[in-house]
Amino acid sequence: MHRIEDYALIGDEQTAALVGTDGSIDWLCLPRFDSAACFARLLGDEDNGHWRIAPAGAERCTRRAYRQDTLVLDTEWETDGGTVRVTDLMPQRHRAPDVVRIVQGVSGEVTVRSTLKLRFDYGSVVPWVRRADGHRVAVAGPDSVWLRSEPEVRTWGEDLSTVSEFTVKEGERVAFVLTWHPSHEPRPPLVDPYTSLRHSVADWQAWASHCRYHGPHRDMVVRSLITLKALTYAPTGGIVAAATTSLPEDPGGVRNWDYRFCWLRDSTLTLNVLLAAGYQQEAEAWRNWLLRAVAGDPADLQIMYGLAGERRLPEFELPWLSGFGGATPVRVGNEAVNQLQLDVYGEVMDSLDLARRSGLSAQPDVWALQTVLMDFLRTVWRQPDEGLWEVRGGRRHFVHSKVMVWVAADRAVRALEDDPELHGDLDGWRELRDEVHREVCEKGFDPERNTFTQSYGSRELDAALLLIPRVGFLPPDDPRVLGTIEAVRAELGRDGLLRRYTPAATTAVDGLPGDEATFLVCSFWLADALHMTGRTREARELFERLLGLANDVGLLSEEYDTVGRRQLGNVPQAFSHIGLVNTALALFGGEGEEAG
């Protein structure tokens, strides 16, 4: 059985596919990240759809790697007869999404087998397949897929699959192109696979060359930035949290969620990473997506939205899928969209403040939107909420949520103080800022243990407390900050990494059975906190350990199981890669960084 780290990502900035070490594409949603999958073996079995190209009789590849600074994947097998390479990519989309797979003989002579098993609607619908103009055409309901090869190889139907088998010698190439389009429309123009490969390599390398970071581990930073770019829905600028749904946080358990949406909680860190790394255009696109998504009545502000800002993300289960490693249910949509999370108001205000201070192009009515958000926040901030981690165990007065209310008020005050042309309730917002600060320090701090707590009156801790110095709520050298870092590290630590919150409280807080592993972005936050408090050597050691948890092609999921030594949760996880880049910039940003 595959492990989560066995998968690499290819994509066209509108959707993405996961390619296993056995040469099988086991996950692909068309035409968007959040569309139904036509390959769903990842969450079921072979009959739920996949496309495998590999030497006949071979299993795991010998080696694989992305081409330097690209999202083009090369996978090689060494066999008794010779060596063969499969190059996988999704070209930049014009009208329709394409998957290009190029088989090339490297040495000797190798027999290669392609097995394409299309199953639309998350592995549940077997299409009707016919021949047309040298293509195999699969149709079911709204979906149509065309498969062709160059040069054409013999193809036949077998076990409700489309199979090809052919031999390549050194230097010989066979390219396959799979193209999706709505079944009621004519076939889109054909793409040339070899031209697509050249253009993809050139385009990705040109984009990566703009990275302003030139410190240690630049390859991992660039890989994370490419991954964030690949998780971006180019038409709108929205960035999905991950390319997958329902990869388990608890092996065999029920903690399986759909992450193919855009979260507001990531917004400030995302914007900061893009700006600091030199990607102004992507930063503006993300800021503009954010403005469109949150427009409207501030009472309706959500914690997440669809790729284009859609608000309805109904959650339902797919009972015909057996789940990754038997972890069920497999979920589509996300019920947490209906939760109250006060921290998102702080995230939005902080992001727009950062955009303004960073010189992003001004947008009309942004400040008017911010003042309306502040007016609303002043009326609701005393309510309990579900908090950053979207718990399903009932609302509480989460300390992180209140800290982010303080951030919202602080950024509003700072904007008025910095720009006399802006108008707003300066005195009222200062009063709100001071009141929230007082309350958090009184009700969210445990003087006996010298630590802030997860929620008012609780003894549990939360890794999000590590963000207190970063957002400016207290200075890094404040004894309460130092005490919180030590307490969080001691209580939430597992083998040197961090969980999100107190293990004993897991079920009570989030309302779910089972357990969680360490949360990767929280461990990056710990490295940041150590660095801010002068413990840079420890921070760098932790950072380098975290880099070592990436898979062989540099991808990180959401969590890491230190006992089973495996990644857990949806992959690749934007939050984890944002944490990696942000920590690298904090630790090494001044080392060889070029001015931009």
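Colleague: Let's start with a pair of strands. Which residue in strand 12 does Val-137 stand opposite?

Modeller: Val-137 stands opposite Trp-146 there. Keep in mind that this is a predicted model.

Colleague: What makes strand 11 and strand 12 a pair?

Modeller: Two strands count as paired once there are at least two bridges between them. Strand 11 (residues 135–140) and strand 12 are joined by five bridges, so they qualify, and they run antiparallel. They form a hairpin with two residues between them, and Gly-141 in the turn has a positive phi of about 60°.

Colleague: How do you know that strand 12 and strand 15 pair as well?

Modeller: Run the same kind of check: at least two bridges are needed, and strand 12 has eight with strand 15 (residues 173–182), again in the antiparallel sense. One of the matches is Ser-144 with its bridge partner His-181 in strand 15.

Colleague: Why is strand 12 called largely enclosed?

Modeller: Count its residues: strand 12 (residues 143–150) has eight, and seven of them are buried, so the rest of the structure largely encloses it.

Colleague: Why is Ser-196 called buried?

Modeller: Its relative accessibility is 9%. Buried means under 20%, so Ser-196 makes the cut. Ser-196 sits in helix 2 (residues 193–208), and leaving aside residues up to four places away in sequence, it touches Leu-89, Pro-91 and Val-191.

Colleague: And what makes Pro-31 partly exposed?

Modeller: Pro-31 has a relative accessible area of 22%. Partly exposed covers what lies between the 20% limit for buried and the 50% limit for exposed, so that's the label Pro-31 gets. You'll find Pro-31 in the loop between strand 3 (24–29) and strand 4 (37–39). Its contacts beyond four places in sequence are Gln-14, Thr-15, Arg-93, Pro-97 and Trp-180.

Colleague: How do you know that helix 6 and helix 8 meet?

Modeller: Residues from each are in contact: among them are Asp-343 and Tyr-345 in helix 6, and His-400 and Ser-401 in helix 8. By class, seven nonpolar, three polar and eight charged residues make up the contact. The two axes come within 7 Å and cross at roughly 35°, in a left-handed crossing.

Colleague: What pLDDT does the protein average?

Modeller: The average is 95, with 98% of the residues scoring at least 70. Over residues 592–596, though, the pLDDT is below 50. Where pLDDT is low, you shouldn't read the predicted coordinates in detail.

Notes:
Residues numbered from 1 in each chain as written. Predicted model: local features only at pLDDT ≥ 70, side-chain atom pairs only at ≥ 80, totals over all residues. Heavy atoms only, no water. Helix = DSSP H or I, 4+ residues; strand = E, 2+ residues; numbered from the N terminus. Buried < 20%, exposed > 50% of the residue type's maximum accessible area, 1.4 Å probe, protein only. Contact = heavy atoms within 4.5 Å. pLDDT = per-residue confidence, 0-100. Axes fitted to C-alpha atoms, helices over the stretch in contact; angles between N-to-C directions. Left-handed = near helix turned anticlockwise from the far one by under 90°. Nonpolar A, V, L, I, M, F, W, Y, C, P; charged D, E, K, R; others polar.
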